[in-house]
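Work through the three exercises below with the sequence and the model at hand. Each task is followed by a solution in steps.

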Amino acid sequence: MENRETIISFDSADIAGGDSIVIYGLNMKVYKGDFIYIVGKVGTGKTSVIRTIIAENRLAGGNGQVCGYDLRTIREKEIPFLRRRLGVVFQDFQLLMDRNVEENLRFVLKATGWRDEREMDRRIAEVLDAVGLKNKSHRMPHQLSGGEQQRVAIARALLNRPEVIIADEPTGNLDPETADSIMGLLCKINRNNGTAIVMVTHNHSLVDKYPGRIMVCGNETCTEMGIRQETKGEEWTERKDTEA
């Protein structure tokens, strides 16, 4: 692990949710190519960790670095540059409903400094092909299924070749079959591109099917559980190897 490139690092970090601390003493490292789940009950600070990573929430204590930016000292004008190195996928897609798929993606490219129209066309075609939507660039969001809208959101996250994709409940609004296809896509991106994935989820079955590192939030802490796991109701507990 020591020789792997570190993308995100928290050291004894206190994570704020609103005006209060929701997680004390977070120690977490995300390396290039990692697939990490952040799990736990509602209200345990999972999304607050995500918001801290993207510098939406302040770092309340300790140390934190994301893609070379120090979260203790990052300035407001630096935050957009940090976010260009991240891809963010939300549960509710957050597409612009008044423009088609291609225009949604072009909007992001222009907002992040792209100017060459041919280069933008090429990059849009690449990311839509990567998510299996190359023939739907002129569809409006309302003409797409939920799964297709989430694929557009993932394509949007890929535009600037991020070092890590931050996914906050990306399958939360999808049926099980569609959720499975989205997970397959994220795993393919992780495997083929070496893009790290940090994903908040409540879905136990997806974690069981697509193993990764697991950070468990609860009782004002967030600690790594490991790759082997089992779920009991809403609890996330480490599997005991009791079989001979």
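The exercises go from the whole chain to one sheet and then to two loop residues.

The model is predicted: local features need pLDDT of at least 70, side-chain atom pairs count only at pLDDT 80 or more, and totals for chains, interfaces and linings use all residues. Residues are numbered from 1 along each chain as its sequence is written, and side-chain values use heavy atoms, with hydrogens and water left out.

**Exercise 1. Describe the overall fold and packing of the protein.**

Step 1. Count the secondary structure elements: there are 7 helices and 12 strands. Helices (H or I, at least four residues) and strands (E, at least two) are DSSP runs, numbered from the N terminus.

Step 2. Compare the radius of gyration with the globule rule. The value for the protein is 18 Å, close to the 18 Å that the rule gives for 244 residues, so the protein is as compact as a globular protein of that length. The radius is taken over C-alpha atoms, and the rule is 2.2 Å times the number of residues to the power 0.38.

Step 3. Take the dimensions: the C-alpha trace spans about 55 × 45 × 35 Å along its principal axes.

Step 4. Check burial. Of the 244 residues, 50% count as buried (under 20% relative accessible area; exposed is over 50%, partly exposed in between; 1.4 Å probe, protein chains only).

Step 5. Look at contacts (heavy atoms within 4.5 Å). Among those with a separation of 6 or more, 67% join residues 24 or more positions apart.

**Exercise 2. Which strands stand at the edges of the open sheet in the order 2-1-4-5?**

Step 1. Establish the pairing: the sheet has 4 strands, and their pairing is antiparallel. Two strands pair if DSSP finds at least two bridges between them.

Step 2. Read off the ends. Strand 2 (20-31) and strand 5 (69-70) each have a single partner strand, so one side of each is left without a neighbour in the sheet.

Step 3. Inspect one pair. Strand 1 (residues 6-17) runs antiparallel to strand 2, and 8 bridges join them. Gly17 stands opposite Ser20 in strand 2.

**Exercise 3. Where are Arg161 and Glu220 found, and are they buried or exposed?**

Step 1. Recall the background: most residues other than glycine have a negative phi.

Step 2. Treat Arg161. Its phi is near 50°, and Arg161 lies in the loop between helix 5 (146-158) and strand 7 (164-168). Arg161 is exposed, with a relative accessible area of 54%.

Step 3. Treat Glu220. Its phi is positive, about 65°, and Glu220 sits in the loop between strand 9 (213-218) and strand 10 (221-224). Glu220 is partly exposed, at a relative accessible area of 45%.
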